[in-house]
Amino acid sequence: MDARHDARRTGANTPAKGGRIRSIAMIAIFDVGAPLAAYSLLRSAGLPVVTALVLSGVFPALGVTIGVVRNRRLDVVGVLVLAGIVVGTILGLVSHSARLVLAEGSVPTAVFGFACLGTVRARRPLMFSLALEFTGPDTAGGREMTRLWQYEGYRHIFRVISSVWGIGFLLEAALRIVIAYNTSTGTALASSKITPFIWLAILSAWTVAYGARQKKKGERQVPPSPQTSEPTDLT
């Protein structure tokens, strides 16, 4: 019986693990490796800096397109990535400024940051909506999140999370601009591909730690259930 249970659990976890590995591979290839390699090759071939930067943006757009076809939907992250690519391409073609193309990543990043802050007092903060979408509203975890939303303490937690993520993304947007205008094009491009994942890891780690701390705090505030007295042994 235990063996069958373990086999079912292993079988259920395998698709999830496979999906995570596939997502990481997609990011590593289309968002980091391919753009950097393409820029280097295009510059070596003699293309102008702006042209090389614009063409290297094809790979992140291709990665988003593949994700849309596979998942049959365009999520918030995909929208932000495509918006950044479009803005960067337009700025590059109009201004012929490599700095503006490199700073394009700050636009969707800042938009997301303002969206987080702007929805802190909304019916549902943006980070709660994203967390619910990631968990799945029809799953047991999603239904539990929806049930807990009636409690003010639970709503406060997500308002704090949305505030921190909003401020964090605005800081990242500012950092992108500083790097774009104060380093070489190659360094700025590499930073623009790597920094978002470092920032995301930091914010995610803080969110997990904050959520765990609030959960322990809530458990301490729950009054213990009354103890049932033991029957007296009259023998």
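A salt bridge is counted here where a side-chain nitrogen of Lys or Arg lies within 4 Å of a carboxyl oxygen of Asp or Glu. By this criterion the structure, which is a predicted model, holds 4 salt bridges. In one of them the side chains of Glu152 and Arg155 meet, with an N to O distance of 2.8 Å. Both residues lie in helix α9, 3 residues apart, which is about one turn of the helix; helices here are DSSP runs of H or I with at least four residues, numbered from the N terminus. Glu152 also forms a salt bridge with Arg159, where the closest N and O atoms are 3.4 Å apart, and Glu152, Arg155 and Arg159 are thereby linked in a network of salt bridges. Glu152 is partly exposed, with a relative accessible area of 45%, whereas Arg159 is buried, at 14%; buried means under 20% relative accessible area, exposed over 50%, and partly exposed in between, computed with a 1.4 Å probe on protein chains only.

Residues are numbered from 1 along each chain as its sequence is written. In this predicted model local features need pLDDT of at least 70 and side-chain atom pairs count only at pLDDT 80 or more, while totals for chains, interfaces and linings use all residues, and side-chain values use heavy atoms, with hydrogens and water left out.

A further salt bridge in α9 joins Arg176 and Glu172, the closest N and O atoms being 3.2 Å apart. These two residues are 4 residues apart in the helix, again about one turn, and both are buried. For Glu172 the relative accessibility is 2%. Not counting residues up to four places away in sequence, Glu172 touches Thr109, Thr195, Pro196 and Trp199, where contact means heavy atoms within 4.5 Å.

Helix α9 (residues 152–182) also packs against helix α7 (residues 126–135), and their axes come within 7 Å and cross at roughly 105 degrees. That makes α7 roughly perpendicular to α9, a description given to angles of 65 to 115 degrees, with angles under 35 degrees counted as roughly parallel, over 145 as roughly antiparallel and the rest as oblique. The axes are lines fitted to C-alpha atoms, for helices over the stretch in contact, and the angles run from 0 to 180 degrees between N-to-C directions. Leu126, Met127, Phe128 and Ala131 in α7 meet Tyr154, Phe158, Ile161, Ser162 and Trp165 in α9. By class, this contact has 8 nonpolar, 1 polar and no charged residues; Ala, Val, Leu, Ile, Met, Phe, Trp, Tyr, Cys and Pro count as nonpolar, Asp, Glu, Lys and Arg as charged, and the others, Gly among them, as polar.

Within α7, Leu126, Met127, Phe128 and Leu132 are buried, and what covers the buried residues of this helix includes α6 (106–118), α8 (140–148) and α9. After α7 comes Gly136, whose phi is positive, near 105 degrees.

The confidence of the prediction is given by pLDDT, which runs from 0 to 100 for each residue. The protein averages a pLDDT of 81, and 83% of the residues score at least 70. Confidence is highest in α9, at a mean of 94, and lowest in helix α1 (residues 2–44), at 69. Over residues 1–12 the pLDDT stays under 50, and the model has 0 contacts for them beyond four places in sequence. Residues 224–235 likewise have pLDDT below 50, with 0 contacts beyond near neighbours in sequence. Where pLDDT is low, the predicted coordinates should not be read in detail.
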